[in-house]
Amino acid sequence: MKAQRGVALITVLLVVAIVTVICASMIARQQLSIRAVSNQLQTRQAWHYALGGEALAQSILRRDLRATLESSAAQAPVDHLLEPWALPQPEFDIEQGRIQVRIEDLAGRFNLNSLVQNQQPNAAALAQFQRLLLRLDISEPYGDRLVDWLDSDQQPNGEYGAEDNAYLLLDPPYRTAGRSLGDLSELRLLLDMREEHFQRLAPYVTSLPAEPPLNVNTASALVLSTLADNLSLSAGQAMVQARRGEGFREIATFLAQPAMSGIDLKGTSLAVNSQYFQAVSDVRLGDRRLALVSLLQREDDGEVRVLQRNLGQPLGLLEQSDEGDR
């Protein structure tokens with residue numbers, strides 16, 4: 001009898017142990033499932049908040065053009081850095097977090113896609129890009145290599161150009177695009193492109209789908225100084241100082257500045273307004289952060305279209321460049 005009671009006790013203890021392990025496993029799986037659903041819900045909420053920030057940016061740009069047209073119907077619209085869209089936007093509190101929207105004029109940057117026009121190198125744009133590289137203390141021949149990346153032929157541009165035969169020797173091998181850049185991050189694929197150089201270039205360049213003129217009211221001092229060989233950084237800073245207030249109302253006023261005296265800008269398009277903007281919707285929700293980068297195009301009638309959305313850019317690239325630093 002004692003032996004039977006001992007076996008029964010051991011059996012009961014074994015059953016209790018098995019049930020305990022099973023219950024613990026079920027609870028752990030349930031907690032993991034709850035956590036996964038919570039993460040998915042939070043991610044979905046952050047995405048919709050970001051889309052709301054994008055819609056707010058569209059509304060701000062739409063109202064800006066409408067207000068400009070109503071106040072100066074006889075003059076062409078002017079976009080400058082003291083307009084509501086360019087000023088820091090307030091943070092909006094949301095449940096368990098906050099959202100902030102930033103808008104930047106991409107027409108104030110150098111458009112990398114302008115280096116090739118009709119499958120031919122654009123000499124004026126190439127010279128301007130090379131000046132930009134020099135201003136940023138970058139000596140690598142990225143200009144010629146970028147022309148080869150954009151054009152569709154297999155003839156290297158200049159002494160330091162690189163076509164498919166150079167990229168196919170890499171590990172892993174790949175080919176040149178033979179088309180316009182669809183995203184600024186493609187610049188990282190350029191032959192021997194260093195990450196530090198990409199980070200240095202990123203605040204001053206863009207990859208727009210068209211060839212919009214450079215907005216002299218929003219371009220940084222460094223970008224303005226690349227318009228000609230005999231323009232210095234101090235001259236660019238003087239032009240930034242001269243546009244204070246509501247910026248230049250017309251290109252003739254910009255060209256009449258002392259710094260622009262005797263400078264030939266043949267092949268370079270300038271403007272005082274913009275069509276392309278970048279809106280960054282920065283959402284913090286709980287312990288999650290999401291940054292939606294939207295490429296927006298504002299038509300002449302005020303309609304604002306979304307051309308591209310990007311969730312993959314590091315936040316360090318989303319900061320606006322400092323007008324007075326360079």
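Which residues in H2 meet which residues in H3? Here are some friendly notes on that contact and on two buried residues.

1. This is a predicted model, in which local features need pLDDT of at least 70, side-chain atom pairs count only at pLDDT 80 or more, and totals for chains, interfaces and linings use all residues. Residues are numbered from 1 along each chain as its sequence is written, and side-chain values use heavy atoms, leaving out hydrogens and water.

2. On the H2 side, Leu126, Phe129, Gln130 and Leu133 meet Tyr142, Gly143, Asp144, Leu146 and Val147 of H3 (contact means heavy atoms within 4.5 Å). The residues of this contact divide into six nonpolar, two polar and one charged (Asp, Glu, Lys and Arg count as charged; Ala, Val, Leu, Ile, Met, Phe, Trp, Tyr, Cys and Pro as nonpolar; the others, Gly among them, as polar).

3. Helices H2 (residues 123-135) and H3 (residues 142-150) pack at about 135 degrees, their axes 9 Å apart (axes are lines fitted to C-alpha atoms over the stretch in contact, and angles run from 0 to 180 degrees between N-to-C directions). The two helices are therefore oblique to each other (not under 35, over 145 or 65 to 115 degrees).

4. Helix H2 also holds Arg131, which counts as buried at 12% relative accessibility (buried means under 20% relative accessible area, with a 1.4 Å probe and protein chains only). A polar atom of the Arg131 side chain lies 3.2 Å from the backbone oxygen of Leu227.

5. Val272 sits in the loop between strands S8 (270-271) and S9 (276-285). At 8% relative accessibility, Val272 is buried.

Key:
Helix = DSSP H or I, 4+ residues; strand = E, 2+ residues; numbered from the N terminus. Buried < 20%, exposed > 50% of the residue type's maximum accessible area, 1.4 Å probe, protein only. Polar contact = N/O pair within 3.5 Å; in protein donor to acceptor, adjacent residues only side chain to side chain.
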